[in-house]
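Student: I'd like a close look at a single part of this model, followed outward into whatever lies around it. Could you take me through it in one go?

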Amino acid sequence: MIRTQRLAAGVCALLAALTAGIAFPAGAVADETTATAPKVNLVLDVSGSMRTKDMDGGTRMAAAKQAFNEVLDATPENVLLGIRTLGANYPGDDQKTGCKDTAQLYPVGPLDRTEAKTAVATLSPTGWTPIGPALLKAADDLDGGTGSKRIVLISDGEDTCAPLDPCEVAREIAAKGIGLTIDTLGLVPNVKMRQQLSCIAEATGGTYTSVEHTDELTDRVNQLVDRAADPVVTPVATEGAASCAKAPTLKSGLYTDREEFGQERWYKVDVEPGQELRASVSVSADRAMNPDYGVLLRAVTVHGREIVRGEAAGNGRTDVISTGLRYPRAEGDDDDAPAETVCVQVTNSYSAAAGVKTTPGMPLELTVDVVDGPSQASDVASFGLGRGWWLLGVLVLVGFLAGVLWGWVSRWRVAVWRTN
C-alpha cells in the first residue's frame, strides 16, 4: 500500500515537472514574440474643434470614430496597438491644466477589438490641443521592445500649448535613437497646421497627409498600421572618408553616417558590367540652421571624372533634404571585365545659426542598391530622357514640317488676296 502511494506520488511529481517544463518555454517564446512585435500608438485630437461639421456632412469626431472602428477591425494580429488622446478630458479655460490633458485611452499591447471600440465610442470633443505633451507621453507608451515603433497623430489644429514646440519635441524623440517614427494626418488643414504637422513628421522620417474625407482617413491610417508590421531594415553604421582613395567600399544596403557643416563624405561602390548603381541620400537638420542650403550627391570615377549627379535645395521649411542618382554600366564584350569602382560623394552647404554647436555632424542616411541594368544602359543616362529622345526628335521634325506648310499656305493665301 505504501509502495503504491509512493509510486502515485512519484508519477504526479513527474507530471508536474513535465507540465512546468512545457509551460515555461512556451511563456518564454510568448515573451520573446511580444518583445519583437511592432508597436503602434494612435494619438487622436479630441479638442473642442473636433465638433466642426465639415467632413462628409458629419463632425470631425464622428469621422475619426468611424475610421478608428474600421482600422481596429483590420489591424494585423502581430501588431501591438494603443490609443492615446489629447484634449479629451478638461473643458475649462486654464491653459496650464489644459496642456496636461493627455491620457492613454487603450494601452499598447495585444488588441482586444471590442474593448478598444468601446473606449473610442466614449470620446467627446472637449478641450485644448496639447500636441507636444501628448507626443512625449506617446513615446513613453512605446518604450521597450526591439520591434518597429510608430506614432500616428491625427489632429485638426495646431498645438495650443506654447512654448513647448511639438516640432522640437519630435526632434528630441528622433535624437534618442530609439527608431520611433511619427506620421501625422491633418483634418481639413490650414497653412499653419500643415507646416507644424509636416515638421513633426519630417523630424522623425515620417509622413504628413492632408485628409478631408472619412474614407481617406480610414485608408491612410490602415496603411500606416500595416506599414508598422513590415520587416524593419536596420541601417548599418559606416564612416565616410575625406577622399575616395580612403573611402569604405559599400554593398547594397542602408547606411548611416554623420556629416559636419560643409564637409565631404566619400564612399566606394563596385559596379559590374550590365549592372546599375542606384544611390540616394537624406541629410537631417537636427538643429537650428540658417535658411538656404543644399545637398549634392555625385558619382565619379576613381580618376575624378564626374559620371552623374543629384542635388536638392531647401529654404529652411523642412528638416530633411534628399536627392538621388542612377548610373547604369553598359555590357562589355569581355565577359571577364573587372568591376568598376565608382566613388560616391556627399556634400552639403548647411550653416549653423549663431550659438549652435557644429558637432557632432548631422545625421546622414545613404541607400545603395546595385541591380541588373536595363538592356540599353545608355538610354537611362541620356540626360534623364532615355528613349524619350526619339519622341523629342519626332516632335521637332513634325513641328518643323508644320511650320513650313503653314508658311507656304499663308503666302499662297496672301497672293490670292492680292490678285483678287
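Tutor: Gladly! R258 stands opposite P363 in β17 (strands are DSSP runs of E, at least two residues, and helices runs of H or I, at least four, numbered from the N terminus). The model is predicted, so local features need pLDDT of at least 70 and side-chain atom pairs count only at pLDDT 80 or more, whereas totals for chains, interfaces and linings use all residues. Residues are numbered from 1 along each chain as its sequence is written, and side-chain values use heavy atoms, without hydrogens or water.

Let's stay with the sheet. Strand β10 (residues 253-259) pairs with β17 in the antiparallel sense over seven bridges (pairing takes at least two DSSP bridges). On to β12: nine bridges join β12 (residues 275-284) to β17 (residues 362-372), and these strands too run antiparallel. S280 is a handy landmark here, standing opposite T367 in β17 and having G324 as its bridge partner in β15. The pairing of β12 with β15 (residues 320-328) is antiparallel as well, again over nine bridges. Put together, this is an open sheet of five strands in the order β9-β10-β17-β12-β15, with mixed pairing. Its edge strands are β9 (236-237) and β15, each of which pairs on one side only.

Now to the packing. The largest nonpolar core (buried Ala, Val, Leu, Ile, Met, Phe, Trp, Tyr and Cys residues joined through side-chain atoms within 4.5 Å) has 32 residues. L42, L44, I154, L185, L217, V221 and V225 have the most contacts inside this core. At least two core residues come from each of β1 (39-45), α2 (60-74), β4 (80-86), α4 (113-121), β6 (149-155), β7 (180-187) and α8 (214-228). The biggest share is that of α2, with seven residues. As for L217, leaving out residues up to four places away in sequence, L217 touches A63, A64, A67, I154, L185, L187 and V211 (heavy atoms within 4.5 Å). Another core, of 27 residues, lies apart from this one; Y327, V342, V344 and V368 are among its members.

Back to α2: R60, M61, A63, A64, A67, F68, V71 and L72 are buried (under 20% relative accessible area with a 1.4 Å probe, protein chains only; exposed is over 50%, partly exposed in between). Viewed down the axis of α2, these buried residues fall within an arc of 160°, so they line one face of the helix (the arc is that of the directions from the axis to the C-beta atoms).

Helix α6 (residues 166-175) makes a nice companion, with P166, C167, V169, A170 and I173 as its buried residues. They cover an arc of only 155° around the axis, which puts them on the same side of α6. Their cover includes α5 (131-141), β7 and α7 (191-203). Just after α6, G177 takes a positive phi of about 70°.

One last stop is the loop between β6 and α6, where D156 lies. D156 is buried, with a relative accessible area of 6%. Setting aside neighbours within four places in sequence, D156 is in contact with D45, S47, S49, M50, R60, L187 and M193. Two of those names have come up before: R60 is one of the buried residues of α2, and L187 is one of the residues that L217 touches.
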